[in-house]
Amino acid sequence: MQNKILIIGGNGFIGSHLIDGLLEKDYKVRVFDITLEKFRKPNSKIDYRISYQNNIYDLLEAMIGIDIVIHLAGTTVPSSSNIDLIADVNNNLITSLNILNLCVRQGIKKVVHFSSGGAVYGNSEVLPIEEDHKKNPISSYGIIKSTIESYVQLHKELYGLDYLIIRPSNPYGPRQSHTHAQGVISTFIQNAYRNEPLQIFGNGTTRKDYIYIKDLVDITIKLLEFNSIGIFNIGSGKGTSVNEIVQTINKTMNLKTEVIYSEERNYDVKNFILNINKIRQLLGFDFEFTSLENGINLTKEWIFQNRILN
Ligand SMILES: NC(=O)c1ccc[n+]([C@@H]2O[C@H](COP(=O)([O-])OP(=O)(O)OC[C@H]3O[C@@H](n4cnc5c(N)ncnc54)[C@H](O)[C@@H]3O)[C@@H](O)[C@H]2O)c1
């Protein structure tokens with residue numbers, strides 16, 4: 001019988017795709033979130049629990065009968081995390097510690113923590129970055145992600161709680177919000193449709209790792225199926241510059257967008273490409289990643305079909 005899974009923060013971008021992948025594999029899925037999904041109607045196969053992750057009683061109840069807890073709820077991104085450090089600790093670190101404690105109390109078999117491939121390593125001189133590279137976060141977001149990782153590992157040491165720590169690169173695709181805060185690809189496609197200039201921080205040449213959302217979700221589910229334990233980078237293993245993203249969007253949409261270059265932001269990691277040998281070995285080397293062109297095309301189609309352009 002398939003494991004029963006609770007996804008905390010499951011109605012956001014990554015969670016909504018994870019739900020699809022898990023339901024396809026016949027997992028029983030319960031979602032704990034403060035809201036329903038933004039872009040789709042509720043799914044009758046999901047057991048929704050609408051509440052805040054700092055409500056310990058509701059969380060405890062949501063964990064009854066659950067085997068695996070996937071933790072996706074987060075209230076900040078690198079750009080917003082430095083505004084109020086204490087709020088960031090309270091809303092993201094303390095809540096995560098509560099979740100870990102409750103997992104132990106409820107006899108959960110495994111916890112899956114979505115950390116960050118960009119934010120925990122910071123600016124690395126060695127590329128691509130392996131999982132055992134030293135951590136050097138440069139934002140409160142990165143410090144908290146990294147600290148939660150340490151607590152996840154401590155819970156394994158102290159209480160035997162198995163874990164998966166996922167360090168995703170930059171996922172993109174349908175249902176990502178286009179708020180400029182996170183998700184340069186979705187934001188730029190949206191800007192391009194509206195005929196607005198694209199804003200690039202820095203000169204657009206630094207290279208980052210982008211992964212199409214379905215690839216991230218498929219690999220995460222494979223890790224669950226293989227009963228993997230430990231820390232895993234999940235990215236494409238390739239570096240793409242923002243200038244290249246603009247070129248690909250222009251080509252895919254047959255446009256010539258205006259670009260405005262602004263000053264670099266100090267919380268942005270400059271170059272990061274993940275070393276994905278660990279997942280490659282596990283998945284087999286024939287795993288096919290979605291190309292940037294295809295991924296941008298699929299994202300563009302979704303934005304257009306859903307007419308979320310206003
Ligand atoms: N999207 C990315 O680029 C990216 C990259 C690396 C890591 N991550 C991490 O993956 C996780 C999921 O990211 P996402 O892009 O799906 O984010 P998202 O903002 O789309 O989804 C987060 C969900 O958490 C819910 N949530 C927020 N506060 C909550 C609370 N107090 N109680 C209950 N639910 C709450 C939100 O309603 C939302 O549905 C986050 O931890 C994020 O830091 C994301």
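This passage walks through the domains, a central strand, an enclosed helix, ring contacts and a few unusual backbone spots of a predicted model.

Starting with the overall layout, the protein chain splits into two domains. Domain 1 takes in residues 4-170 plus 210-234, while domain 2 is put together from 175-208, 238-271 and 291-306. Their centres, taken over C-alpha atoms, are 25 Å apart. Where the domains meet, 22 residues of domain 1 are in contact with 22 residues of domain 2.

Strand E6, residues 162-168, is a good place to look next. Six of its seven residues are buried, so the strand is mostly covered, with buried here meaning under 20% relative accessible area. E6 has a partner in strand E5 (residues 110-114), and the two pair in the parallel sense over five bridges. Within that pairing, Val112 stands opposite Leu164 of E6. To get from E5 to E6 the chain goes through helix H5 (residues 140-159), and this β-α-β crossover is right-handed. E6 also pairs with strand E11 (residues 230-234): they run parallel and are joined by five bridges. Here it is Ile166 that stands opposite Phe232 in E11. Phe232 turns up again in another kind of contact, as the charged end of Lys278 sits over its ring, 4.5 Å from the centre.

The stretch between E5 and H5 has a quirk of its own. Pro128 is found in the loop between these two elements, and the peptide bond that joins Leu127 to Pro128 is cis, with omega at about -10°.

Helix H6 (residues 184-193) is another part that is hidden away. Eight of its 10 residues are buried, so the helix is largely enclosed by the rest of the structure. Those buried residues are Ile185, Ser186, Thr187, Phe188, Ile189, Gln190, Asn191 and Ala192. What does the covering? The elements over the buried residues of H6 include E7, strand E8 (198-201), E10, H8 and H10. Just after the helix, Asn195 takes a positive phi of about 65°.

Aromatic rings offer another view of how parts of the chain meet. A pair of aromatic rings is described by the distance of the centres and the angle of the planes. The count of such pairs in this model comes to four. One of them joins Tyr172 and Tyr212: the ring centres are 5.6 Å apart and the planes lie at 65°, so the pair is edge-to-face, given that planes over 60 degrees apart are put in that class. Tyr172 belongs to strand E7 (residues 170-172) and Tyr212 to strand E10 (residues 210-212), so the pair ties together parts that are 40 residues apart in sequence. Both tyrosines are tucked away: Tyr172 counts as buried at 3% relative accessibility, and Tyr212 is buried with a relative accessible area of 8%.

Tyr193 and Phe304 make up another aromatic pair, and this one is stacked, with 5.8 Å from centre to centre and 15° between the planes. This pair links distant parts of the chain, as Tyr193 sits in H6 and Phe304 in helix H10 (residues 292-306), 111 residues apart. Neither ring's residue is buried: Tyr193 is partly exposed, with a relative accessible area of 29%, and Phe304 is partly exposed at 38%.

Phe201 has a ring contact with a charge. The charged end of Arg265 sits over the ring of Phe201, 3.8 Å from the centre.

Finally, two loop residues deserve a look for their backbone angles. Arg175 has a phi near 70°, a positive value in a residue other than glycine. Arg175 is found in the loop between E7 and H6, and with a relative accessible area of 12% this arginine is buried. Asn254 also has a positive phi, near 55°, and is likewise a residue other than glycine. The place of Asn254 is in the loop between helix H8 (242-253) and strand E13 (259-262). Is Asn254 buried or exposed? With a relative accessible area of 70%, Asn254 is exposed.

Terms used. Residues are numbered from 1 along each chain as its sequence is written. This is a predicted model: local features need pLDDT of at least 70, side-chain atom pairs count only at pLDDT 80 or more; totals for chains, interfaces and linings use all residues. Side-chain values use heavy atoms; hydrogens and water are left out. Buried means under 20% relative accessible area, exposed over 50%, partly exposed in between (1.4 Å probe, protein chains only). Helices (H or I, at least four residues) and strands (E, at least two) are DSSP runs, numbered from the N terminus. Two strands pair if DSSP finds at least two bridges between them. A crossover is right-handed if, with the strands pointing away from the viewer, the path from the first strand over the helix to the second runs clockwise. Rings of Phe, Tyr and Trp (its six-membered ring) pair if their centres lie within 6.5 Å; planes under 30 degrees apart count as stacked, over 60 as edge-to-face and the rest as tilted. A charge sits over a ring if NZ of Lys or CZ of Arg is within 6 Å of the ring centre and within 35 degrees of the ring normal. Domain bounds come from an automatic or database domain assignment. Contact means heavy atoms within 4.5 Å.
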